[in-house]
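Q: I'd like a close look at one part of this model, please: its salt bridges. Take me through who pairs with whom, and how much of each partner is open to solvent.

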Amino acid sequence: MAKLRFLGAIQQVTGSCYLIETDTSKILLECGMIQGEIKPDKTPDKLFQFNPSDIDFVILSHAHLDHSGLLPGLVREGYRGSIFVTTPTHDLLDIMLKDAAFLQQKDIEWENKRRMRRGKKAVDPIYDIDDVEQVLQQLITIDYDVKIDINNDLNLCFRDAGHIIGSSIVELWINENGQTKKLVFSGDLGNSSSPLLRDPSIIENADLLLMESTYGDRNHRPATETIKEFREALSEAMDDGGNVFIPSFAVGRTQDLLYHLGQFYHDGVLGQQKVYLDSPMATSVSEVYLRHTQLYNLENPEFTESIKKGWKDWLPILTYTRSTEESMALNNISSGAIIIAGSGMCTGGRIRHHLKHNLCHRRSHILFVGFQARGTLGRALVDGAERVKFMGMEFVVNAKIHTLGGFSAHAGQDQLLDWAGHFDRQKTRLYLVHGEIDKMLALQKCCIEKYQWYANIPVPGEMIEI
Ligand SMILES: [Zn+2]
């Protein structure tokens, strides 16, 4: 009898990982990093709760590091089998895992210098660029909606999850003792108000359903309100004669922003303003988005035609500033610049340099377009701090801070319920994953009230039969 063990993203949102064991195969579904796990000063003793060389296949829903970030660790510890992904996920992993390895290398060098001064033993990175190259070698790409045979007993199909480019809902059929059982894993489900991506594919059949519950307790603000606020903040900045700084996540959010800014441009809203994408990583990711425009939600024909020629065709006032020199030169612009830079929560990256130079100016506008975790510089600014400390200095905050709450790459509560509502509730056992416990409890209550359907909440390490 096939079994599934809940190893990660259980009653929390990072470290997505599930182990499926059939009579003949061991399949790892997801290999995510727990946020903050890779810290040079506290590397965990054991990365995995299983032996990586025992795994036969890996299936990955999408490229975000909380789903994929430990793949290089897995191959470093001996995994040599196939890793099934979509083509856009392959392209994103190439950028994101390499970036993660590079950042880790820098952190380790810094940590080891510190250790040397204190006479302590140097530490090794949990993976390096060679391990990332090895992961890329092991990726097997498959298209959406194509059912493949992994072996005689296993069939796999990826369906569009609409969360980031290439993101998938996983359908897995397990044939054992003349019986077929079907597992559906939602991955991260997209928000149906995404301007670029399609709505999550509807699926109707499963014996076992694992559904994410990141926003199990609430609905997002309507996208139209957020877009209106975005437009107003840009106009206000133009009236103030200042620049706009947008800390942004490289994957998904940045491309949504480019879409909206293009729309504003065509509507004549931006006036003399110019847009700078000041993030080499977001620029590379935006190029990946261009390679897969056939996967977009094609409701806007003007955009569809334009984007085939590139982002600059859609947004002619866009400039990419890849080099450090180009980025530094942005400091010389005193007004009319809309600068998008990482990191999304201001914990690193070029945005910190911009904030350092511009937080003190009343004419500066900072637009937050994503979730800000507790303890980050972004969160302090959103919470209205009058002074903030970073890069070894204290800065007075005179800039105007805007928080645009309605952009989310995840389905809200009603969207989750609607998506789950297509399954046959008599037949399908539902388990909630990828959510904090209060979000899971809220969603569990809704499933009972709306569908008289009991949603199980697993505990970490729990094993169930499929
Ligand atoms: Zn994700």
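A: First, some vocabulary: a residue is buried under 20% relative accessible area, exposed over 50% and partly exposed in between, using a 1.4 Å probe on protein chains only. This is a predicted model, so local features need pLDDT of at least 70 and side-chain atom pairs pLDDT 80 or more, while totals for chains, interfaces and linings use all residues. Numbering runs from 1 along each chain as its sequence is written, and side-chain values use heavy atoms, without hydrogens or water.

Now to the pairs. The tally is 26 salt bridges, each with a side-chain nitrogen of Lys or Arg within 4 Å of a carboxyl oxygen of Asp or Glu.

Let's start with Asp217 and Arg218, whose side chains form a salt bridge with N and O 3.8 Å apart. Asp217 has a relative accessible area of 30%, so it falls in the partly exposed class. Arg218 comes out at 41%, which means that it is partly exposed as well. Arg218 is also where the 3-218 stretch of domain 1 ends.

Next, go to Arg379 and Asp383, where the N to O distance in the salt bridge is 3.2 Å. Arg379 is partly exposed, at 22% relative accessibility. Its partner Asp383 is exposed, with a value of 56%.

Then there is Lys439 with Glu436, a salt bridge whose closest N and O atoms are 3.3 Å apart. Which class does Lys439 fall into, buried or exposed? Lys439 is buried, since its relative accessibility is 12%. Glu436, on the other side of that bridge, is partly exposed at 37%.

Not everything comes as a simple couple. Asp145, Arg159, Glu171 and Lys182 are joined by salt bridges into a network, so that's a good group to bring up together on your screen.

What about the seam between the domains? The domain assignment, whose bounds are automatic or from a database, splits the chain into domain 1 (3-218 + 409-465) and domain 2 (223-403). Between domain 1 and domain 2 the count is one salt bridge. Have a look at Arg291 and Asp91 too: they form a salt bridge, with the closest N and O atoms 3.4 Å apart. Going by the bounds, Asp91 sits in domain 1 and Arg291 in domain 2.

For the setting of that seam, the centres of domain 1 and domain 2 are 29 Å apart, taken over C-alpha atoms. The contact (heavy atoms within 4.5 Å) involves 19 residues from domain 1 and 20 residues from domain 2. The two domains bury about 1800 Å² between them, with carbon and sulfur atoms giving 69% of that area; buried area is the accessible area (1.4 Å probe) that two parts lose on being put together, summed over both. On the domain 1 side, Ile165, Pro195 and Leu196 lose the most area to domain 2, and together they make up 36% of what that side buries.

To pull it together: 26 salt bridges in total, with one of them counted between domain 1 and domain 2, and a network that takes in Asp145, Arg159, Glu171 and Lys182.
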